[in-house]
Amino acid sequence: MNGSSMISPTTTPAPAPSSTPTPASTLTPAPAPSSTPTPSNVPSSRSVPSSSSVPSAPPRVLSIAGSDPSGGAGIQADIKSISAMGGYAMTAITALTVQNTQGVQSVHVPDAAFLSAQLDSLSADIEIDAVKIGMLPTADVIRVVGEWLGRVRPAVVVLDPVMVASSGDSLVEQDARLALLELLDHAHLVTPNLPELGVLVGEPEAQSWESALLQGKRLAARRGIQVLVKGGHLTGDECPDALVGPHGAVTELAGMKILTGNTHGTGCSLSSALATVQVRSLDWALSLRQVKEWLTQALEHSDDLQVGKGRGPVNHFYSLWSTASPLPGAFTQKLWDDCAPVRAAIFELPFITELVHGSLTEAHFAYYLAQDAKYLNAYSRVLARAGELAPTENEQRFWMEGAHNALEVELSLHRDWLSVHPVDQADAIRAEMGPVTKHYVDHLLAAAFAGSYGEVVAAVLPCYWLYADVARVLAPERPGIDGGHPYGRWLDSYADEAFATSARTAVEILDVAARRTNAADRQRMASAFAYSAQCELDFFDAPRLHS
Ligand SMILES: Nc1ncnc2c1ncn2[C@@H]1O[C@H](COP(=O)(O)OP(=O)(O)OP(=O)(O)O)[C@@H](O)[C@H]1O
Ligand SMILES: Cc1ncc(CO)c(N)n1
């Protein structure tokens, strides 16, 4: 690790520490939390709020930690976590790592005096409500941070005793591990993982949750500090965390282990989020409950991010992003991706494979067409409803033309197909609406009767989109058959370019509607779309079930 020198002391805006007027209260070292008369979960200085503090303003939280350029751990994870918890994030960088999701390749430690200047600059100007401490790579850096904490005595100090990255790479010089112990006196909460807990109590790493809790109790009692014992390194299905107080009180939060490889920076995220939430809650157990819930969701949604080939980051902003307006194309792309199993199942159906190869029985085809005619009649009414609700004249025109076309196709089915089929298919032709058709139509009519514009459009879209896709995929597959393909003309009507264009327009209309509305409506739109897609699959399969 190389040190580097400050550019120039005169360019540093903060007053040098020696010229800073030292408040009398900071002349004595900060008492260990256990000797403080206030409950250990209430940071002592919170009982005398400064006149300039505004309780409703976001907590001002400083992260003193290393930089992870891949954005999942360290300072970067802290900024995201503090922000996700509603705090205002500040940073003092202790080390620069060369790091990605696969490991740490190198560490550069800037001059400790430069870090010291940053800390003094911040505390000279800004009231700091909470501090989270992460990677402290050398004994020099630890000394600087300890000295600053002793003078400034922030109200909430969370120490994450980072020693090894989740990739297994060491982040701290060997002699710094012992120096870290001295810093415990300046912290209100320490959040070691199991190997770090072992180092802090001077014992081998705990092999069970029970022995980890015993180690946590020994550390908490010895140092008069709250210890968060973390279960992330346990083998098995569970991932508990437990808060252990200096007098032995244990608050355990059970949790299931989420099956994901994306655990890069969980410890950093947890500790900085805790520091932020604690400023307002003043109760470590409450803070932990809120933060663990958030982190669990951030882990659950981590696969959405797709960052890196190794241990990926958690999704700090899953909640914000799930309610934010989607980017153009994103909503409909997700609907399409989510219905991939239904699309695949359609191509597997005997009805579709037989249709393409011309081997489908006429009885099945006749049943299908008869049901389709009934469907199209209802579909036309629902498209007209979309036209009624449409926010622009262009969209109104599009849906009204769609309603008209659906009736035209219904007419042509009767005229060109159903009327020319042999008499023994008359049953199918005269049949009432079958159960699958009725189910689909009822779903569409419910959207038309009570749904928003977006829901109506989402409900009608699979009929456009899936048909255009089926026609696109099947067109090149259709074998030439002597005497003509029995269903060729019918297949051609859906492979038509005008129909594909209409399908694209309908997709674009839905995408715009999704961006214009709110998260709850988008959720209902997605449900309506998925339901209709499933109905399309069932509709193709209905002739087989009917006979
Ligand atoms: N797979 C998982 N499922 C659910 N929670 C997890 C999982 N992995 C870690 N956690 C939670 O993440 C938090 C951090 O725990 P962990 O023991 O992994 O810390 P760490 O090793 O310091 O993290 P880091 O990976 O940043 O070094 C804890 O609250 C833990 O319960
Ligand atoms: C900079 C940094 N701090 C902490 C960790 C621990 O996750 C990491 N991997 N990188």
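How many nonpolar, polar and charged residues make up the shell around ligand 2? In this predicted model, the count comes to seven nonpolar, nine polar and one charged. The shell holds 17 residues, and those that come nearest to the ligand are Gly66, Ala73, Gly74, Met135 and Ala165. Three elements give two or more residues each to this shell, namely strand E1 (60-67), strand E2 (88-100) and helix H7. Of these, E1 provides the largest share, with three residues.

The surroundings of ligand 1 can be described in the same way. Here 22 residues form the shell, with Ser166, Asn193, Gly232, Thr266 and Gly267 the closest. Sorted by class, the shell around ligand 1 contains seven nonpolar, 11 polar and four charged residues. Helix H7 (266-281) and helix H8 (284-300) each supply at least two of its residues. H7 is thus a helix to look for at both sites, as it gives two or more residues to the shell around ligand 2 and at least two to the shell around ligand 1.

A wider view of the chain helps to place these sites. The secondary structure comprises 20 helices and nine strands. Of the 547 residues in the chain, 42% are buried. Among contacts with a sequence separation of 6 or more, 74% join residues 24 or more positions apart.

The nine strands form an open sheet with mixed pairing, in the order E3-E2-E1-E4-E5-E6-E7-E8-E9. Strand E3 (103-108) and E9 stand at the edges; each has a single partner strand, so one side of each is left without a neighbour in the sheet. Helix H6 (residues 209-223) packs on the sheet, where it touches strand E7 (226-230), strand E8 (241-244) and E9, and its direction makes about 160 degrees with that of E7.

Strands of a sheet pair through backbone hydrogen bonds, either parallel or antiparallel. Both arrangements can be followed here. E1 and E2 run parallel and are joined by eight bridges, with Ala65 standing opposite Ile93 in E2. E7 and E8, by contrast, run antiparallel and are joined by four bridges; in this pair, Val227 stands opposite Val244 of E8. E8 also pairs with E9 in the antiparallel sense, again over four bridges, and the bridge partner of Asp241 in E9 is Leu253. The link between E8 and E9 is a hairpin with five residues between the strands, and Gly248 in its turn has a positive phi of about 95 degrees.

In a regular strand the side chains alternate between the two faces of the sheet. E8 offers a chance to look at each face in turn. Asp241 and Leu243 lie on one side, Ala242 and Val244 on the other, and all four are buried, which leaves both faces of E8 covered.

Beyond the sheet, one pair of helices can be examined in some detail. Helix H3 (residues 139-152) and helix H4 (residues 176-183) pack at an angle of about 10 degrees, with their axes 9 Å apart. At this angle, H3 is therefore roughly parallel to H4. The contact is made by Ala139, Ile142, Val145 and Gly146 from H3, together with Ala176, Ala179, Leu180, Glu182 and Leu183 from H4. By class, this contact has seven nonpolar residues, one polar and one charged.

Several loop residues also deserve a look. Lys257 is found in the loop between strand E9 (250-253) and H7. Lys257 counts as partly exposed because it has 16 C-beta neighbours inside 10 Å. Leaving aside neighbours within four places in sequence, Lys257 is in contact with Asp237, Glu238 and Cys239. Lys257 and Gly232 are 25 residues apart in sequence, and their C-alpha atoms are 7.9 Å apart in space. Gly232 is itself among the closest residues to ligand 1.

Most residues other than glycine have a negative phi. Against that background, Leu282 has a positive phi of about 55 degrees although it is not a glycine. Leu282 lies in the loop between H7 and H8 and, with 18 C-beta neighbours inside 10 Å, counts as partly exposed. Gln306 likewise has a positive phi of about 55 degrees without being a glycine. Gln306 belongs to the loop between H8 and helix H9 (318-323), and is exposed, with 8 other C-beta atoms within 10 Å.

How values were computed
Residues numbered from 1 in each chain as written. Chains lettered and ligands numbered in written order. Predicted model: local features only at pLDDT ≥ 70, side-chain atom pairs only at ≥ 80, totals over all residues. Near = placed C-beta within 6 Å. Nonpolar A, V, L, I, M, F, W, Y, C, P; charged D, E, K, R; others polar. Axes fitted to C-alpha atoms, helices over the stretch in contact; angles between N-to-C directions. Parallel < 35°, antiparallel > 145°, perpendicular 65-115°, else oblique. Contact = placed C-beta atoms within 7 Å. Buried ≥ 20, exposed ≤ 12 C-beta atoms within 10 Å, placed from the backbone. Pairing = 2+ DSSP bridges.
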